[in-house]
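Visitor: I would like to learn how to read side-chain contacts in a protein model. Please take me through some cases.

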Amino acid sequence: CQHLLAEAIRNGARVTVDHVTTNKKRLIEEFCQGLVRFKNPKPGLDLEVVATHTAAKKKLRELAWLIKNGKRDVLERGVLLPGRVGVGKSFLVDCFASECGLPVMEIGEFRSKWVGDTEIQQTRILMTIRALGPVIVVVDEADAVFGGRETGGDDSGVSSRVFAAFAAHLGDSSLRGRELWMAMTSRPDLLAIDMKRQGRFGLCVPLFPAQGPDEVLELFTTISRVKRIELGDPIKKYIRETLGARPLTGSDVESILIRAKERAVLASRDTDVQLGDLEEAVNSFIDPLDPHLLALQELAAVLACSDRRYLPERYGSVDRSALQEEFASHKR
């Protein structure tokens with residue numbers, strides 16, 4: 001506090017809320033030695049700018065309303081967002097965090113090669129999060145961060161101790177409403193069952209690629225607006241008729257549009273992307289990802305889901321045992 005006041009007097013400036021907040025975040029990040037990072041909300045970013053993911057957006061809006069109106073005693077401790085790579089998990093969380101208005105912390109790499117350091121750094125992270133509430137804690141690649149109960153033969157039990165500490169913290173019901181943990185992963189099946197139980201990450205809202213022509217067109221329309229590309233009626237008709245049946249993700253659509261815009265720019269037409277540019281981009285586009293692995297990730301998200309309302313229609317009525325058999329065949 002003395003430093004902030006002295007700095008303001010020296011510079012002839014006022015001590016504003018933004019100034020205090022910025023310095024507080026910096027001090028916390030320095031105390032945690034880079035183990036946590038604050039994610040600053042971007043202006044104009046909210047769930048309205050997210051294309052598709054209708055069921056997930058509806059649920060996240062409900063959570064945002066509960067947070068804004070102080071109804072934190074009914075909040076979940078954690079929300080699990082599984083989905084195949086490229087479906088927009090990180091972007092959805094950023095939009096949700098901006099809509100909530102709470103500080104958002106992201107856990108960095110805290111594992112160390114030195115004996116005892118991993119547990120010390122994990123403790124520092126959890127103490128900081130506990131002291132900062134209410135706060136949203138974002139965990140990417142959750143299956144790798146949380147580890148598992150099983151002890152690996154080469155880490156002297158570090159993984160099991162890390163897992164136990166996270167499990168105990170997330171299971172502390174007194175922190176309900178003070179911390180909302182949001183975990184993202186493409187392989188929820190690798191998360192220990194203890195983490196997916198009610199009271200920890202009991203709410204699981206899976207994300208999926210576009211489901212049909214309407215959602216494919218919505219993806220193209222939303223992303224083209226960001227990329228400042230005008231989509232005329234012939235292009236929209238082409239998208240619906242040619243691409244409508246493809247399970248495209250936001251990253252797929254962004255890649256296609258960038259390639260189409262590149263052709264227009266090289267032809268000295270800048271933002272005037274024509275149908276021929278898009279057709280060339282689509283015809284040359286190859287998804288390098290293994291389709292069997294993508295199918296495995298999607299089935300893992302379906303099987304982890306905690307409510308049928310969050311599933312696409314084609315999965316909502318399918319027998320769970322049949323899905324488990326299909327998942328097992330992909331794993332083989």
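Guide: What follows goes through salt bridges, aromatic pairs and one polar contact. Note that this is a predicted model.

Visitor: Where do I start with charged residues, and how many salt bridges are there?

Guide: Side chains of opposite charge can pair when their charged atoms come close. In this structure the count comes to 13 salt bridges. One of them joins Asp 172 and Arg 130, with N to O at 3.5 Å. This pair links distant parts of the chain, 42 residues apart: Asp 172 sits in the loop between α7 and β5, and Arg 130 in helix α5.

Visitor: Are Asp 172 and Arg 130 buried or exposed?

Guide: Each falls in between. Asp 172 has 22% relative accessibility and so counts as partly exposed. Arg 130, at 39%, is also partly exposed.

Visitor: Which residue forms a salt bridge with Arg 269?

Guide: The partner is Asp 277, and the closest N and O atoms are 2.7 Å apart. Read the accessibility of each partner separately. Arg 269 is partly exposed at 23%, whereas Asp 277 is buried because its relative accessible area is 7%, and buried means under 20%.

Visitor: What about Arg 309 and Asp 307?

Guide: Their side chains meet in a salt bridge, N to O at 2.7 Å. Arg 309 has 62% relative accessibility, so this residue counts as exposed.

Visitor: Now the rings. How many aromatic pairs are there?

Guide: The count comes to six aromatic pairs. For each pair, read the distance between ring centres, then the angle between planes. Phe 146 and Trp 181 have centres 6.4 Å apart and planes at 40°, so the pair is tilted. Phe 146 lies in the loop between α6 and α7 and Trp 181 in strand β5, so the pair ties together parts that are 35 residues apart in sequence. Phe 146 is buried at 0% relative accessibility, and Trp 181 is buried, also with 0%.

Phe 146 also pairs with Phe 201: the centres are 5.6 Å apart and the planes at 50°, so this pair is tilted. Phe 201 is in the loop between β5 and β6, 55 residues from Phe 146. Both of these Phe residues are buried.

Visitor: Which residues form the aromatic cluster?

Guide: Phe 110, Phe 146, Phe 166, Trp 181 and Phe 201 form one cluster.

Visitor: Last, a polar side chain. Is Asn 23 buried or exposed?

Guide: Asn 23, in helix α2, has 9% relative accessibility and so counts as buried. A polar atom of the Asn 23 side chain lies 2.8 Å from the backbone oxygen of His 19.

How values were computed. Residues are numbered from 1 along each chain as its sequence is written. This is a predicted model: local features need pLDDT of at least 70, side-chain atom pairs count only at pLDDT 80 or more; totals for chains, interfaces and linings use all residues. Side-chain values use heavy atoms; hydrogens and water are left out. Helices (H or I, at least four residues) and strands (E, at least two) are DSSP runs, numbered from the N terminus. Buried means under 20% relative accessible area, exposed over 50%, partly exposed in between (1.4 Å probe, protein chains only). A polar contact is a pair of N or O atoms within 3.5 Å; within protein, one must be able to donate a hydrogen and the other to accept it, and residues adjacent in sequence count only if both atoms are side-chain atoms. A salt bridge is a side-chain nitrogen of Lys or Arg within 4 Å of a carboxyl oxygen of Asp or Glu. Rings of Phe, Tyr and Trp (its six-membered ring) pair if their centres lie within 6.5 Å; planes under 30 degrees apart count as stacked, over 60 as edge-to-face and the rest as tilted.
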